[in-house]
Amino acid sequence: MSAFFITSTGTEIGKTLVTAAICHQLGAAGEKVRALKPIISGITDDDWATSDSGIIADALGLPASLDTLNALSPFRYKAPLAPTMAAAAEGRTLDYGDLLKVCSGFLALDGIRLIEGVGGAFVPLSGRTLVADWIADLKLPSLMVTGSYLGTLSHSIATLEAMATRGLAVKAIVMSESAGEGHPDLYESAEALSKLVRLPVMALPRLKGDKPWTHAPDLTHLLS
Ligand SMILES: Nc1ncnc2c1ncn2[C@@H]1O[C@H](COP(=O)(O)OP(=O)(O)OP(=O)(O)O)[C@@H](O)[C@H]1O
Ligand SMILES: C[C@H](N)[C@H](N)CCCCCC(=O)O
Ligand SMILES: [Mg+2]
């Protein structure tokens, strides 16, 4: 069974939405699916239902318990910052060796496994270790989530090129329609990007409802 890393060009772009949608869709199709959001910042243990961890737990049909939170997101920080900064704000540092141990345990399990990163693909985790180093150490292909805001073409190409120099494989791109008005047309931007990067680029329109990830079009085909 396959495993994928979900990364992005930045933060608040749509990684969790895509991760939750894929979990929801695979679960509904009767597939064994697992997800891990090992590092999360901007979270407190007494209010995490609406956090990435809470959304992923919901999409997996897991109880919103502390056991679930500890299993899904063992590296948690209160400040909504890069892990290096968020951990330092608590007088801590993220133990990268422990992170890799958690991930290898998860990747040894059965089913389709998804690991959501944190922010964009070059966010610092600990010292000079970046999300891109983490992806390389896990040897996973990525799904990259981009936005549809003006500027996303350069951000997307730059991220892909930087990942390529590190030998990181990107399977597909999801262009998730950015909130607000005045953005370029989603479908025209997705088409423009796909011509430049020779990768499948799926346009994901703005989804409605309190659980938008339940209304996404099929994303599971991107994994095959
Ligand atoms: N296509 C979309 N339709 C509706 N809502 C969206 C869409 N894309 C993103 N969002 C919303 O935008 C917000 C940010 O998305 P999300 O949490 O998935 O970002 P992220 O990349 O996981 O951020 P982080 O770096 O913090 O993990 C969420 O409220 C999410 O539901
Ligand atoms: C708080 C936020 N939603 C993410 N969890 C962390 C994003 C860190 C981004 C750091 C950076 O690229 O400047
Ligand atoms: Mg997220």
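# Ligand contacts and helix crossings

Reader: How many Å separate a backbone N or O atom of Pro205 from a nitrogen atom of ligand 1?
Author: The model is predicted. In it, the protein side of this pair is a backbone atom, N or O, of Pro205. The ligand 1 side is a nitrogen atom, and the separation is 3.1 Å.

Reader: Which residue puts a polar backbone atom 3.0 Å from an oxygen atom of ligand 1?
Author: Polar contacts are counted within 3.5 Å. An oxygen atom of ligand 1 has such a partner at 3.0 Å. That partner is a polar backbone atom, and it belongs to Leu17.

Reader: Which residue has a side-chain N or O atom 3.3 Å from an oxygen atom of ligand 1?
Author: Here the protein atom sits in a side chain. It is N or O, 3.3 Å from an oxygen atom of ligand 1. The residue is Lys37.

Reader: Which residues come nearest to ligand 1?
Author: Ligand 1 has 17 residues around it. Five names stand out as nearest. They are Thr11, Lys15, Thr16, Ser176 and Leu207.

Reader: Which residues are around ligand 2?
Author: Start with the polar side-chain partners of ligand 2 nitrogen: Thr11 at 3.3 Å and Glu12 at 3.3 Å. Each is on the list of residues around ligand 2. The full list is Thr11, Glu12, Ser41, Pro80, Leu81, Ala82 and Val123.

Reader: How many Å lie between a nitrogen atom of ligand 2 and an N or O atom in the side chain of Ser41?
Author: Ser41 is one of the residues around ligand 2. Its side chain supplies the N or O atom of this pair. A nitrogen atom of ligand 2 is the partner, at 3.1 Å.

Reader: Are α1 and α2 roughly parallel or roughly antiparallel?
Author: Helix α1 spans residues 15-28 and helix α2 spans residues 52-60. Their axes come within 8 Å and cross at roughly 15°. Angles under 35 degrees count as roughly parallel. So α1 and α2 are roughly parallel.

Reader: How do the residues of the contact of α1 with α2 divide by class?
Author: From α1 come Thr16, Thr19, Ala20, Cys23 and His24. From α2 come Asp52, Ile55, Ile56, Ala59 and Leu60. The division is six nonpolar, three polar and one charged.

Reader: Are α5 and α6 roughly parallel or oblique to each other?
Author: The axes of α5 (residues 96-107) and α6 (residues 131-138) come within 11 Å. They cross at roughly 40°. Under 35 degrees would count as roughly parallel. The pair is therefore oblique.

Reader: How many charged residues are in the contact of α5 with α6?
Author: α5 brings Tyr96, Leu99, Leu100, Cys103 and Leu107. α6 meets them with Asp133, Trp134, Asp137 and Leu138. Seven are nonpolar and none polar; the charged residues number two.

Reader: Is the crossing of α7 and α8 right-handed or left-handed?
Author: α7 covers residues 152-165 and α8 covers residues 186-197. Their axes come within 11 Å and cross at roughly 30°. The helices are therefore roughly parallel. Their crossing is right-handed.

Reader: How many charged residues are in the contact of α7 with α8?
Author: α7 contributes Leu153, Ser156, Ile157 and Leu160. α8 contributes Ser189, Ala192, Leu193, Leu196 and Val197. Seven of the residues are nonpolar and two are polar; the number charged is no residues.

How values were computed: Residues numbered from 1 in each chain as written. Chains lettered and ligands numbered in written order. Predicted model: local features only at pLDDT ≥ 70, side-chain atom pairs only at ≥ 80, totals over all residues. Heavy atoms only, no water. Axes fitted to C-alpha atoms, helices over the stretch in contact; angles between N-to-C directions. Helix = DSSP H or I, 4+ residues; strand = E, 2+ residues; numbered from the N terminus. Parallel < 35°, antiparallel > 145°, perpendicular 65-115°, else oblique. Left-handed = near helix turned anticlockwise from the far one by under 90°. Contact = heavy atoms within 4.5 Å. Nonpolar A, V, L, I, M, F, W, Y, C, P; charged D, E, K, R; others polar. Near = heavy atom within 4 Å. Polar contact = N/O pair within 3.5 Å; in protein donor to acceptor, adjacent residues only side chain to side chain.
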